Amino acid sequence: MASNSCNKSFCSNYMLLKPEECSVLDLAKLLLSGKKLGQKDFIDCPNEEMTKEPLSRRWVIFLSILVQKILLATAKPLAGLGNAIEYWLNLQNVNGGFFRLLFKSLICKAVSPDKESAAYLSFIGNLDKRVDLDFSKNVGGRRRYDEGISMMAAKAAYENKAYVETTVNHHWKMDLVGSFDFWNDYQEKATTQAFVLQDKSVDPELIIVAFRGTEFFNSDDWISDFNLSWYDIPGMGKVHAGFMKALGLQKSLGWPKNIVQTDTNNINQPPPAYYFLRKLLKQLLEKNEKARFLVTGHSLGGALAILFPAILAFHEESWLLKRLGGIYTFGQPRVGDESFIEYMNGQLTKHEVPYYRVVYSNDMVPRLPFDNSTFLFKHFGTCIYYNSLYREKILVEEPDKNGSFLLMFIPKMLNAAWELIRSCILPCVHGRKYQEGGLLLCMRVIGLLFPGMPAHCPQDYVNSTRLGSSDHSTEDVAKYQKIGIVPA
């Protein structure tokens, strides 16, 4: 099992959770014991910095470790379940649907899907199978174009390399620079993915870096999400440790400005995301002095997209930051505390980098970890919020910033019911490109009991970027009212 120990000389304070070293008895003692956190074997933090924590904070740490232990214990069966579900979904896809699959099976002509082919979709990809870019309903200039193409890139980042290559080169008529697997030094395997493209069709000076988000059945991704460990980096603030590890934090070195591959390194080991992408971007941007780049991602990918420029600033990479044309994240969780926000606001202002954080309706992920006295994390940047009619609002913070589940359960359940009804209406209003498949409809039904879960799916974010301009919102409301539907 991967070790959680590391060189922490690059930070002044930290709290690192080690679920693999925590027993069930330790978990119980965590809630009942009055010891300082630093005196517990499964929590690594400076004793002098950690006082006795209140029950509310110990409860949060308890839940974080418990979820991580469950994910560690179920990693293989979870991955097996995910592979089986994805295979079944793709088996139906390549045979023309469930009933055609049955017929072909009866006559022994069923086709098996190829996992390495461009047609093989992830679970996320099966929720929304749209491939082509569509700006026919999109008005609003540069920001709207960048937002739309960034979301499609963030969605494509979930898929295999053949899919990404086919989508970028053939469907989008752009150039794929590369699709990459990156090393996580703490998980000791390649668990971070991203791809880089150059837009040669509309904006020849545009380069996009898209980070993959949380894979539905990948325990490593979920552990990165639920791990509430943090590092307090001098001058920057407290930052979510799980996300930094996924980006390329080095176990033995922390965040050195440069890393050198030695003879003892495994030559077949993929590079860390941050260092490889920084070098690649320098090479691409040096070829064209007018070129700019965007970083984007959905969910976990959104967290990596905002941390990438944060580490560029930490390493004083001003030349790269001045070429950064924008940061677009979709359904992004919080990544740092108030000091981190002040640091990033200063850096983004200094280098004139726009940062847009897109949030759809009741999506629960942007509301985590909570922004309260127990948690340390906060949001920043321009929040582009879309409600369930895809009407856009520019806000500082999304409504119901902490996702008050109990207080807002009935309104959220009613909104989830409207989203299920809307699934049947959208194709009538906007065409077949907005028709939702059976898998997403099942997610909508689950959303009646767990509001906010289907709202995190890429489908609504893609719809928001295509239908969400203020000029079209009024027309959309009128269309819905004409057919007798007025959402609550």
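Hi everyone, let's start with one side chain: that of Asn218 reaches the backbone nitrogen of Asp220 at 2.9 Å. A polar atom of that same Asn218 side chain also lies 3.2 Å from the backbone nitrogen of Asp221. Where does Asn218 sit in the chain? You'll find Asn218 in the loop between β5, residues 206-211, and α8. Asn218 counts as buried because its relative accessibility is 17%, and the cut-off for buried is under 20%. Before I go on, please keep in mind that this is a predicted model.

Now let's step back to the whole chain. There are 488 residues in the protein chain, and buried residues make up 56% of them. The secondary structure comes to 17 helices and 12 strands. Here is a number about how the chain folds back on itself: take the contacts between residues at least 6 apart in sequence, and 71% of them join residues at least 24 apart.

Next, the pocket. How do we know where there is empty space in a model? Rolling a probe the size of a water molecule over the atoms shows where empty space is left. The largest pocket has a volume of about 1400 Å³, and 46 residues line it. Which residues lie nearest its centre? They are Trp222, Phe226, Met364, Val365 and Leu368. Sorted by class, the lining has 31 nonpolar, 12 polar and 3 charged residues. Three helices, α2 (55-73), α5 (123-127) and α8 (219-226), each supply at least two residues of that lining. The largest share comes from α2, with 8 residues.

While we're on α2, have a look at Ile61, which is found in that helix. Ile61 is buried because its relative accessible area is 2%. The C-alpha atoms of Ile61 and Leu31 are separated by 9.2 Å, and these two residues are 30 residues apart along the chain.

Let's go back to Leu368 for a moment, one of the residues nearest the pocket centre. The peptide bond from Leu368 to Pro369 is cis, with omega near -20°. Pro369 itself lies in the loop between β10 (355-360) and β11 (382-386). Why point out a bond like that? Most residues other than glycine have a negative phi, and most peptide bonds are trans.

That brings me to phi. Cys108 has a phi near 60°, a positive value in a residue other than glycine. Cys108 is placed in the loop between α4 (98-106) and α5. Is Cys108 buried or exposed? At 72% relative accessibility, Cys108 counts as exposed. Glu316 also has a positive phi, near 60°. Glu316 lies in the loop between α11 and α12 (318-322), and counts as exposed at 66% relative accessibility.

From Glu316 we can hop to Gln347. The C-alpha atoms of Gln347 and Glu316 are separated by 9.9 Å, with their positions 31 residues apart along the chain. Gln347 has its place in helix α13, residues 338-350. Gln347 is buried, with a relative accessible area of 18%.

Now for the nonpolar core. The largest one has 58 residues, and Phe211, Tyr231, Trp255 and Phe308 touch the most other members. Helix α11, residues 300-314, gives the largest share of this core, 11 residues. What does Trp255 touch, leaving aside its neighbours within four places in sequence? Its contacts include Phe10, Ile233, Met244, Leu247, Tyr274, Tyr275, Ile311 and Phe314. There is also a second, separate core of 35 residues, and among its members are Ala153, Ala156, Ala157 and Ala455.

I'll finish with His240, which is found in strand β7, residues 237-240. His240 counts as buried, at 0% relative accessibility. Its side chain reaches the backbone nitrogen of Phe243 at 3.3 Å. Not counting residues up to four places away in sequence, His240 touches Ser224, Asp225, Asn227, Ser229, Val335 and Phe377.

If you open the model afterwards, a good place to begin is Asn218 with its contact to Asp220. From there, find Trp222, one of the residues nearest the centre of the largest pocket. Thanks for listening!

How values were computed: Residues are numbered from 1 along each chain as its sequence is written. This is a predicted model: local features need pLDDT of at least 70, side-chain atom pairs count only at pLDDT 80 or more; totals for chains, interfaces and linings use all residues. Side-chain values use heavy atoms; hydrogens and water are left out. On a 1 Å grid over the protein atoms alone, a cavity is a set of points where a 1.4 Å probe fits but cannot get out, and a pocket is an open set with protein on both sides within 12 Å along at least five of seven lines; lining residues have an atom within 4 Å of a point. Grid points are joined across faces, edges and corners, and a volume is the space filled by probe spheres set on the points. Helices (H or I, at least four residues) and strands (E, at least two) are DSSP runs, numbered from the N terminus. Ala, Val, Leu, Ile, Met, Phe, Trp, Tyr, Cys and Pro count as nonpolar, Asp, Glu, Lys and Arg as charged, and the others, Gly among them, as polar. Buried means under 20% relative accessible area, exposed over 50%, partly exposed in between (1.4 Å probe, protein chains only). A polar contact is a pair of N or O atoms within 3.5 Å; within protein, one must be able to donate a hydrogen and the other to accept it, and residues adjacent in sequence count only if both atoms are side-chain atoms. A nonpolar core is a set of buried Ala, Val, Leu, Ile, Met, Phe, Trp, Tyr and Cys residues joined through side-chain atoms within 4.5 Å. Contact means heavy atoms within 4.5 Å.
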